[in-house]
Amino acid sequence: MGKVIKNYLYNASYQLFVLIVPLITTPYLARVLGPQGVGINSYTNANIQYFIIFGSVGVALYGNRQIAYVRNNKQKLTNTFYEIFFMRMVTIGVAYIAFFIFLALVHRYHSYYIAQSFSLLAAAFDISWFFQGVENFAVTVLRNFIVKIITLFSIFAFVKSYSDLWLYIFILSMSLLIGNLTLFPSLRKYLGKVDWKNFHWFKHFWPSMVLFVPEIATQIYLVVNKTMLGAMTSVTAAGYFDQSDKIVKLSLAVVTATGTVMLPHMANAFMQGKHEKVKDYLYQSFEFVTALSVPIAFGIAAVAPHFVPLFFSPKFMAVVPLMMIESIVVVMIAWSNAIGVQYLVPTNQNKAYNYSVIIGAIINIVANVPLILLWGAVGTAVATVLSEASVTGIQLYAVKDEIDFRKLYHGFFKYFIAGLLMFAIVFLLNATLRVKWINLIIEVFLGIIVYTALIFVLKTKVSKDVITIIKKKF
């Protein structure tokens, strides 16, 4: 497990950095671009994501897994990489043609869509799935650190007013493209010459489509909320929901980093026939993500009334109830990531995984219509919770005959009690203290201290593991 922990720390540290960057830029952009500018970016980005999704044909998960399967054979690894890479180049090319047809049909936001389209080009050169498959997370982390820092400085240097919205979108899109291109020199360490006699251009197309179906469902219902809000209400409402969704999903980055790390590790163990070992990995991972996701969910809900006016400005107070409602999905997504991405996909149980995310997407889209009409952006937040709960529930049902639920949920109630008590204390402080940055910082640190102390008092498995590690070190 040493390599897994090392890769998790690499990935989690990068995800923390990715979390910090928007925490620095978002308050600035909220004030510079305003609700309208934020909403336009959210709406146009949501629409460009459809072309990225269809052009990527499930390679993110499929490529990661296939590389993990063949990584011990250099020739197979070489051919597999180039087969998947060239296939994706072709499919992204088709998606680009479809994008220009779409552009000819829409009558607003043309310049913003053009700027967003560089993200589609960046997807063609995204080979992070290869390095995830060979379990080398240091390469992607270190290179992206540099690109993100350059992006950060570029935003503050060039984005000064609402009129710079196009430039802001262009900077984000180009940073993705440049970040992806910087990964290519590191391929030399792993790849040899292509065996053209055994090279199959579209060998991976249909197998990747099996994982593409759930990816369509997953990604579409991540962006369809903003599209539906923008179309049914206004781009400003889409902007409000996007700000809430951004904070909730960013907080999840550290938790779901385990999925990216564990998928190739579990896939490799499964291919070697170590089925019981795969289950043990799941129990450990599930306990870990539960210990992290519960306080994050309660914490977001507790500090939202102070966080929103300080972070986004008082113009965004409509985001407060959205964040409080949507915080519930942190735990739901953490669990579905552990079961779906870390267990069902590596063990080739694609049907169950597909079924869960497709049903989740359908519930999200269907629930959105009446709930948006009733409550606007709040309705979208409620629909998001319902859809994520359904995904988790279906996946739990799918593994009921394989997994011991007593082991899976062994420590859940201890973490829940610790999180609930932390919420009560922080929310009470939030209601009594004035809206100031220093008070918000006190609330956050107090919440961390209370939760950490309680999981040690309640003797959770994670706290016992920490004590064991400390004893070994000292």
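These questions and answers cover aromatic pairs and nonpolar cores in a predicted model. Local features need pLDDT of at least 70, side-chain atom pairs count only at pLDDT 80 or more, and totals for chains, interfaces and linings use all residues. Residues are numbered from 1 along each chain as its sequence is written, and side-chain values use heavy atoms, with hydrogens and water left out.

User: Which kind of pair do the rings of Phe 125 and Phe 184 form?

Analyst: Rings of Phe, Tyr and Trp (its six-membered ring) pair if their centres lie within 6.5 Å; planes under 30 degrees apart are stacked, over 60 edge-to-face, the rest tilted. Here the centres are 6.3 Å apart and the planes stand at 70°. The pair is therefore edge-to-face.

User: Which kind of pair do Phe 312 and Phe 316 form?

Analyst: Their ring centres are 5.9 Å apart. Their planes meet at 40°, so the pair is tilted.

User: Is Phe 312 buried or exposed?

Analyst: Buried means under 20% relative accessible area, exposed over 50%, partly exposed in between (1.4 Å probe, protein chains only). Phe 312 has 0% relative accessibility, so Phe 312 counts as buried.

User: Which helix gives the most to the largest nonpolar core?

Analyst: A nonpolar core is a set of buried Ala, Val, Leu, Ile, Met, Phe, Trp, Tyr and Cys residues joined through side-chain atoms within 4.5 Å. The largest has 103 residues, and Phe 307 and Phe 312 touch the most other members. Helices (H or I, at least four residues) are DSSP runs, numbered from the N terminus. With 17 residues, the top contributor is helix H10 (residues 275–311).

Note on methods:
Helices (H or I, at least four residues) and strands (E, at least two) are DSSP runs, numbered from the N terminus.
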